[in-house]
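Open your viewer and keep the selection box handy. We will go from stop to stop, choosing a few residues each time and looking at what is around them.

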Amino acid sequence: MRDRLRERLRKAWESRSPRERRLILILGVILSVALYLWLVSAADRARTRLRSSLPQLRVQAEEFEQQAAGYERIKVAPSTLPLSGDLQALAQTEADALGLSHALNGLDALDDDQVQVAFQAVPFADWLKWTVAMQLQRVRFEKGRIEALPEPGMVTVTGTFVRAAPE
């Protein structure tokens, strides 16, 4: 089948006049050069776009590494931390310590072991640090809603935090 196709193409080529052959070759070269230039241009634009986003991606990767290290610390944290005390006061203290009091929109104790929190326009990374601090106190995020705001990295969070039961 290949040989037949090759033979047909050879016959079609030979049936052309020398002037047509030259014209076909010139058009082929022009199309090849145009395709090559278009591909190089597209690759250059993509490279420029990726190069400009690289510093931001490196910062995000570093933040993810720090968050992963924080989660590893939580996994291996001893369970001898105090499981009593005012949970609402603990949540407020942790927010104050991390400078998030301005974003803490609501803080209501549902009972001795549950607190409802609402953060308005808080950087996600800072909220995550606050959550890790709460987890170190054996208080976990049980349910809630995290909504991204138009400003990059900013979120609105409402949720319930629950104190771990004594082991």
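What follows is a walk through a predicted model, one selection after another.

**Stop 1: the sheet**

Start by showing the strands as a cartoon. You should find an open sheet of 4 strands in the order β1-β2-β4-β3, with antiparallel pairing. Colour β1 and β3 (139-148) differently if you like: these are the edge strands, and each pairs on one side only. From one strand to the next, the twist averages 15 degrees.

Now select β3 and β4 together. The two run antiparallel and are joined by 9 bridges. Which residue of β4 stands opposite F141? Show side chains and you will see that F161 does.

**Stop 2: the helices on the sheet**

Add α3 to the view. This helix lies across β1, β2, β3 and β4, and runs at about 155 degrees to β1. Then add α4, which packs on the sheet and touches β2, β3 and β4. The direction of α4 makes about 155 degrees with that of β2.

**Stop 3: the nonpolar core**

Select V117, F119, V122, W127, W130, M134 and F161, and show them as sticks or spheres. The largest nonpolar core has 20 residues, and these are the members that touch the most others. Where do its residues come from? The elements that give two or more residues to this core are α3 (87-97), β1 (104-111), β2 (114-123), α4 (124-136) and β4 (154-163).

Keep V122 and hide the rest for a moment. Setting aside neighbours within four places in sequence, V122 is in contact with L100, A103, W127, G153, M154 and V155.

**Stop 4: a buried charge**

Move to E94, in helix α3. Is E94 paired or unpaired as a charge? E94 is buried yet has no salt bridge. The nearest side chain of opposite charge is R163, and it is 11 Å away. A salt bridge needs a nitrogen and a carboxyl oxygen within 4 Å, so the distance of 11 Å leaves E94 and R163 without one.

To see what does surround E94, select W130, A133, M134 and Q137: these are its contacts once neighbours within four places in sequence are left aside. Two of these names will be familiar, as W130 and M134 were also on the core list.

While you are on α3, click T93, another residue of that helix. T93 counts as partly exposed because its relative accessibility is 48%, and the partly exposed class ends at 50%. For a distance check, draw a line from T93 to P123: the two are 30 residues apart along the chain, and their C-alpha atoms are separated by 18 Å.

**Stop 5: two unusual backbone angles**

Select A121, in strand β2. Its phi is near 50 degrees, a positive value in a residue other than glycine. At 33% relative accessibility, A121 counts as partly exposed.

Next, select R138 in the loop between α4 and β3. R138 also has a positive phi without being a glycine, here near 65 degrees.

**Stop 6: salt bridges**

The count comes to 6 salt bridges, and we will visit some of them. Begin with E7 and R10, whose side chains meet at 2.3 Å, N to O. Why are E7 and R10 about one helical turn from each other? They are 3 residues apart in helix α1. Both are partly exposed: E7 has a relative accessible area of 31%, and R10 is at 39%.

Slide along to helix α2 (residues 18-76) and select D44 and R47, which are likewise 3 residues apart and separated by about one helical turn. Their salt bridge is 2.4 Å, N to O. D44 has a relative accessible area of 35%, while R47 is at 41%.

Then return to the sheet side of the model and pick R140 and E142. Their salt bridge has its closest N and O atoms 3.8 Å apart. Shared partners also join E7, R10 and E14 into one salt-bridge network.

**Last stop: end to end**

Finish with E14, in helix α1 (residues 2-14). E14 is partly exposed, with a relative accessible area of 45%. Measure from E14 to R163 in your viewer: the two are 149 residues apart in sequence and 86 Å apart in space, C-alpha to C-alpha.

Key:
Residues numbered from 1 in each chain as written. Predicted model: local features only at pLDDT ≥ 70, side-chain atom pairs only at ≥ 80, totals over all residues. Heavy atoms only, no water. Core = buried A, V, L, I, M, F, W, Y, C linked by side-chain atoms within 4.5 Å. Buried < 20%, exposed > 50% of the residue type's maximum accessible area, 1.4 Å probe, protein only. Contact = heavy atoms within 4.5 Å. Lys, Arg positive; Asp, Glu negative; His and termini not counted. Pairing = 2+ DSSP bridges. Axes fitted to C-alpha atoms, helices over the stretch in contact; angles between N-to-C directions.
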